[in-house]
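User: I am new to protein structures and would like to learn how to read one. Could you walk me through it step by step?

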There are 2 protein chains.
Amino acid sequence: MRLLMVSLFLYCGLVFAHEQDGSLYSNEFLQKLIKLRDQALSDDLGYRITESLTTEVGARLAGSSNDAKAVAWAQSKFKELGFDRVTVEPAKLTRWTRGEETAEVVTPYPHQLAITALGRTIPTPEAGITGEIVHFKTLADLEAADPAMVQGKITFISNRMERHQDGSGYGKAVGARGTSAQVTAAKGGIAAIIRSIGTDDNRTPHTGAAKYDKDIPSVPAGAISNPDADLLVNMLKREQPVTIKLRLTSHWDGEYTSYNVIGDMLGTSQKEQYIVIGCHLDSWDLGTGAIDDASGCGITMAAAKLIREEVGPLKKTIRVVLWANEEYGLSGAKAYHEAHKKNLANHILGGESDFGAGRIYGFGTRVGTAAMPIIYKIAEILRPLGIEYSNNQSWSGADLIPLRKAGMAVFSLHQDGTKYFDYHHTANDTLDKIDPKELAQNVAAWVVVTAMAANTEHDFGFGLTDPEK
Amino acid sequence: MRLLMVSLFLYCGLVFAHEQDGSLYSNEFLQKLIKLRDQALSDDLGYRITESLTTEVGARLAGSSNDAKAVAWAQSKFKELGFDRVTVEPAKLTRWTRGEETAEVVTPYPHQLAITALGRTIPTPEAGITGEIVHFKTLADLEAADPAMVQGKITFISNRMERHQDGSGYGKAVGARGTSAQVTAAKGGIAAIIRSIGTDDNRTPHTGAAKYDKDIPSVPAGAISNPDADLLVNMLKREQPVTIKLRLTSHWDGEYTSYNVIGDMLGTSQKEQYIVIGCHLDSWDLGTGAIDDASGCGITMAAAKLIREEVGPLKKTIRVVLWANEEYGLSGAKAYHEAHKKNLANHILGGESDFGAGRIYGFGTRVGTAAMPIIYKIAEILRPLGIEYSNNQSWSGADLIPLRKAGMAVFSLHQDGTKYFDYHHTANDTLDKIDPKELAQNVAAWVVVTAMAANTEHDFGFGLTDPEK
């Protein structure tokens, strides 16, 4: 009964769509697309690609020995999937390596702490650094502190990230990761530790990039796990001095050339116009980078492949970009923008899958108003997947920032991020965190948006005002 | 309304109890006890004791520098809580220390693996050991294997522990931890790794004791985390040889004297008769030993203290034993049995809290049939806590094995262990895994059983047949 009603609904939607917007898409195209959308829900190609990258390459920090392996994997996988054109484009970066990382409470109660260096931070002396903790609940408290309180001490920010479906707790908490080292240095502190920017209770601390500028003084900085932060807070409640020793040997380590890897499914009538989808190929080094961002690669590579296989070549080219070094430099994003400066307007619409593989519930855009009928049509085909249109103020992914700032239209497929920050940037970012059925729903959604964007001769506006301007 | 009904229910239960079994307990005692039982549900003493041990001592592997700190903590805490008599009794042991532990896949796809040495296992050579994996789904498969398959290889058992409320998946899976090293050695293998005996998906491998006998050949052995085991299984599906390198420097390290720490709340008319409750004071070294077993100490120490404070001295002595080295030797249990050989029959009833702090749902015993009226009376007072009597075939805790084998009656308060094996024996065994309200319900239950056992001049039978005989 339920199946029949869904079928009727889909059929009515289709008829309605075609009657109302016949000029946008052919009935034949929409039929094929809807069939593929529904098949994709039980297709495992996206999951298999994700499994392949996490198993055969694993952790792939930009500049590490696995960076080149990931680039080779990506070229090989695009070819295996039958992409029409596979290219690599250099993305230069200054390499940061993690080294060793240990922390312990020295007094009053010795404990080993689970710590990880924040990305891009400077090392402690080889023998480590020991100092008394000065505790702040938030970055704002540290910023407001009298330097005399901080002088010679190790700062500790204990604010805990909130859990929300849309991941909005991240933005509120992540400032401490970004600038605590610089603020600590400015006030005469000797090192900075923060409570991990994460929603879990595991002894798996969360790394992630801190701000770095060689001309701004900084200190060694690390994140301790949530249970370790709780322990320190409980210890500090006893109102005795708490001394800790840190040893973080992470450091900058010379120049390196990584690559964006690009797979094109060429268009027909508008081959030089690109619908740009993708993921970032690099990951942090603690886990195997499954939800950040192998799943984004699996989802978008599979979507492009399934579209070609089941629907055929479309009007515009579908370009899947596997971006280099998103995590600590946006190196691939910057290099692409630079390399394609002369034809940015050919980048018709862009989206990046970079928030794990949780179920998609929303669809947002940032397109010219003339394109809204197409967007509403896409939203209609997405709706049976449990996806509702949100608004036209989408931000999209980090790797699209340079293109978006240049005026490219973008879209977002909003994923359920309730659990994402339990694992993000930790040793726990591994394949088992992905539900194959949820990942397949992502593929279905990316199929719909990508194919419909690529199979219209309309554009989506260019030269839009950037939300960050 | 609900409160009134609960009160009426409790009142009726009380009247009934007194009328039917007037000879067992005075009305005044039962009234005080029921009042305390209900107050205990919102009392935080048990949680505060648990917080104190995990914060001020933390990890306390038998024989480590924290062993003596834990003993000092326990003596001091018993005194602070007003126990009438605090004693320590030596428990000799051969010290095992963990050392360093690393593992990596060498070919075909290099990965770092999260590994921990199994307790009591022997070390690899200092430089580590490298070999090809031979994969078995279960210990039984390894036991049945042709030695030619195992010769010169590293065995890997990938069987995953099942999750059940009563923790019964543990018994089915833990054999691999116990004997895989010996079975591997007997077949000419060079090392053994197992999938962690745990129900989680964290990169926090589960340690725990392996069988050890200096006269039985063994090999270095470790447990890898569940995500790492999944990774190896996926790699092995590709049907290429998988080579790993292990380095485990754990080793036996000389003799040490630890101590059972005993706090007595002395009885009145039967001071020399003991109701023996408690926990084990030692823990594994990876976390802070919160659920294994600081919570058991918090629960039982708080129960004895609250009984004395709110109900007063009872007929028999309440003896809280904090057992030494449960984890890799039952050293305290054996030493206590040896030291008290002449008065074992004075140990009237025993119970150990050693399964975390999950909500108690069941009450079981192993007592003489003459004591069953008392047991049913205890069960009646427990029932409003959501606890049902199970049966008279209880096993009780590991530290009571020698006393139980000598004939002591025992009881168990069955805790919800649904999540226990997510954290058991891992770095994740920390205070945040404990729900203070659930812990308080444990205290309430221990108050009821302990006080009712201590405030009768009856006994519970001695010389019972041991379930393991």
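Analyst: Happy to help; we will go from the whole chain down to single strands and residues.

User: Before we start, what kind of model is this, and how are residues and chains labelled?

Analyst: This is a predicted model: local features need pLDDT of at least 70, side-chain atom pairs count only at pLDDT 80 or more, and totals for chains, interfaces and linings use all residues. Residues are numbered from 1 along each chain as its sequence is written, while chains are lettered from A and ligands numbered from 1 in the order in which they are written.

User: How many helices and strands are there in chain A?

Analyst: Helices (H or I, at least four residues) and strands (E, at least two) are DSSP runs, numbered from the N terminus. Chain A has 15 helices and 16 strands.

User: Why is chain A described as being as compact as a globular protein of its length?

Analyst: We look at the radius of gyration, taken over C-alpha atoms, and set it beside the globule rule, 2.2 Å times the number of residues to the power 0.38. For chain A the radius of gyration is 24 Å, and the rule gives 23 Å for 469 residues; the two are close, so chain A is as compact as a globular protein of that length. Its C-alpha trace spans about 75 × 50 × 40 Å along the principal axes.

User: How much of chain A counts as buried?

Analyst: A residue is buried if 20 or more other C-beta atoms, placed from the backbone, lie within 10 Å of its own, exposed if 12 or fewer do, and partly exposed in between. In chain A, 55% of the 469 residues count as buried.

User: Which domains is chain A divided into?

Analyst: Domain bounds come from an automatic or database domain assignment. Here, domain 1 of chain A covers 2-96 + 255-454, and domain 2 covers 99-249. Taken over C-alpha atoms, their centres are 35 Å apart. Two residues are in contact if their C-beta atoms, placed from the backbone, lie within 7 Å, and the contact between the domains takes 18 residues from domain 1 and 20 residues from domain 2. On the domain 1 side, helix α14 (residues 420-423) of chain A gives the most, with three residues.

User: How many residues of chain A are in contact with chain B?

Analyst: There are 22 residues of chain A in contact with 22 residues of chain B. On the chain A side, α3 (45-56) and α9 (226-236) are the elements that give two or more residues. The largest share, five residues, comes from α9(A).

User: Now for sheets. What is the strand order of the open sheet in chain B?

Analyst: Two strands pair if DSSP finds at least two bridges between them. The open sheet of chain B has eight strands in the order β3-β2-β9-β5-β6-β7-β8-β4, with mixed pairing. Its edge strands are β3 (111-113) and β4 (115-117) of chain B, each pairing on one side only.

User: Which strands of that sheet run parallel, and which antiparallel?

Analyst: Strand β5 (residues 129-136) of chain B and strand β6 (residues 154-157) of chain B pair in the parallel sense over four bridges; there, B:Ile133 has B:Ile154 as its bridge partner. β7(B) and β8(B) also run parallel, joined by four bridges, with B:Ile193 partnered by B:Gly222. By contrast, β4(B) and β8(B) pair in the antiparallel sense over three bridges, where B:Ile115 stands opposite B:Ile224.

User: Which way do the residues of β8(B) point?

Analyst: B:Ala221 and B:Ala223 point one way, B:Gly222 and B:Ile224 the other way, and all are buried.

User: How would I spot a hairpin in chain A?

Analyst: Look at β2(A) and β3(A), which form a hairpin with three residues between them. These two strands pair in the antiparallel sense over three bridges, and A:Ala103 has A:Leu113 as its bridge partner.

User: Finally, is B:Asp43 buried or partly exposed?

Analyst: B:Asp43 counts as partly exposed because it has 19 C-beta neighbours inside 10 Å. B:Asp43 lies in the loop between α2 (27-40) and α3 (45-56) of chain B. Not counting residues up to four places away in sequence, B:Asp43 touches B:Leu306, B:Ala440 and B:Val443.
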